[in-house]
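Take a look at the structure below. We will walk through it strand by strand, then step back to see the whole.

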Amino acid sequence: MWVPKSEEELRAALEAGSVRETSTLDFKRELPTPGRNKELAKDICAMTVDGGVLVYGVGGEDPTRPTTPYPISLLGAAERVDQVAQAAIFEPPVIEITDVASGEGEGLGYLIVVVPASPRAPHMVIVDGENRYWGRGATGNRALSEREVAMLYQRRQRWEADRGELLDAI
């Protein structure tokens with residue numbers, strides 16, 4: 001899973017045309033406005049199924065093939081993402097948030113949100129009465145079907161049983 005570590009690395013990948021949205025990599029020009037926290041929660045939830053990376057501050061005309069850096073204000077951005085993950089999603093997933101500074105100005109940069117595959121997936125968006133489970137398709141989010149949710153609960157039970165067997169073997 002590619003996680004950009006610097007503005008130079010990100011810009012080089014954009015210039016080379018080697019980045020593209022996938023089921024585990026999503027680019028956003030900016031964070032959703034504060035009144036649209038549900039969209040942010042959907043993005044995080046969708047990545048919990050198989051894991052993935054959200055990169056904020058990158059966009060372009062084709063949303064699946066970003067070409068242009070648009071550094072965002074990093075002031076309070078990581079805290080907001082963390083608060084949404086903790087308050088708008090049940091169970092709150094584990095996420096890792098990193099700032100990548102931009103040379104375009106003080107406090108500007110890119111927000112990288114790494115969402116590891118969650119052993120507790122599926123996670124539900126609960127803000128605004130959403131109460132829906134989300135996953136990723138090839139290039140975007142989609143609501144999970146009842147069958148997919150049931151399969152993920154079965155996976156969760158298998159993983160818990162496997163973990164229990166490993167602990168018993170110690």
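M124 has a bridge partner in β10: Y133. This model is predicted, so keep that in mind for every value that follows. M124 belongs to a pairing between strand β9, residues 124-125, and β10. The two strands run antiparallel, and 2 bridges hold the pairing. Between them lies a hairpin with 6 residues. One of its residues is D128, which takes a positive phi near 55°.

Now follow β10 itself. This strand covers residues 132-136. Is β10 mostly covered or mostly open? It is mostly covered, since 4 of its 5 residues are buried. β10 also pairs with strand β11, residues 141-143. Again the sense is antiparallel, this time over 3 bridges. Look for G135, which stands opposite R142 in β11. A hairpin of 4 residues links β10 to β11. So β10 has a partner in β9 and another in β11.

Next, find strand β8, at residues 108-115. Here 7 of the 8 residues are buried, so the strand is mostly covered. Which strands pair with β8? One is β7, residues 96-101. β7 and β8 are antiparallel and share 6 bridges. Within this pairing, A101 is matched with G109 in β8. The two strands form a hairpin, with 6 residues between them. In that turn, G107 has a positive phi of about 80°.

β8 has further partners. Strand β2, residues 52-56, joins β8 through 5 bridges. These two strands run antiparallel as well. Here V55 stands opposite I112 in β8. Strand β5, residues 72-73, is also antiparallel to β8, with 2 bridges. In this case S73 stands opposite L108 of β8.

Turn to F90, a residue of strand β6, which spans residues 89-90. Is F90 buried or exposed? Its relative accessibility is 54%, so F90 counts as exposed. The cut-off for exposed is over 50%. Exposed residues can still have contacts, and F90 touches H123, M124 and I126, leaving aside residues up to four places away in sequence. M124 is the residue whose bridge partner is Y133. F90 can also be placed relative to M47, which is 43 residues away along the chain. Their C-alpha atoms are separated by 14 Å.

Finally, step back to the whole protein. Its secondary structure comes to 4 helices and 11 strands. The C-alpha atoms fill a box of roughly 50 × 40 × 30 Å along the principal axes. How does the radius of gyration fit a compact globule? For 170 residues, such a globule would have a value near 15 Å, and the protein has 17 Å, which agrees.

Burial and contacts add to this picture. Of the 170 residues, 42% are buried. Take the contacts with a separation of 6 or more: 67% of them link residues 24 or more positions apart. The accessible surface comes to about 9,200 Å². Carbon and sulfur atoms own 51% of that surface. Last come the charges, 19 positive and 27 negative. Their mean positions are 6 Å apart.

Technical notes. Residues numbered from 1 in each chain as written. Predicted model: local features only at pLDDT ≥ 70, side-chain atom pairs only at ≥ 80, totals over all residues. Heavy atoms only, no water. Rg over C-alpha atoms; globule rule 2.2 N^0.38 Å. Buried < 20%, exposed > 50% of the residue type's maximum accessible area, 1.4 Å probe, protein only. Contact = heavy atoms within 4.5 Å. Areas by Shrake-Rupley, 256 points an atom, 1.4 Å probe, with all protein chains shown as cover. Lys, Arg positive; Asp, Glu negative; His and termini not counted. Charge placed at Lys NZ, Arg CZ, Asp CG, Glu CD. Pairing = 2+ DSSP bridges.
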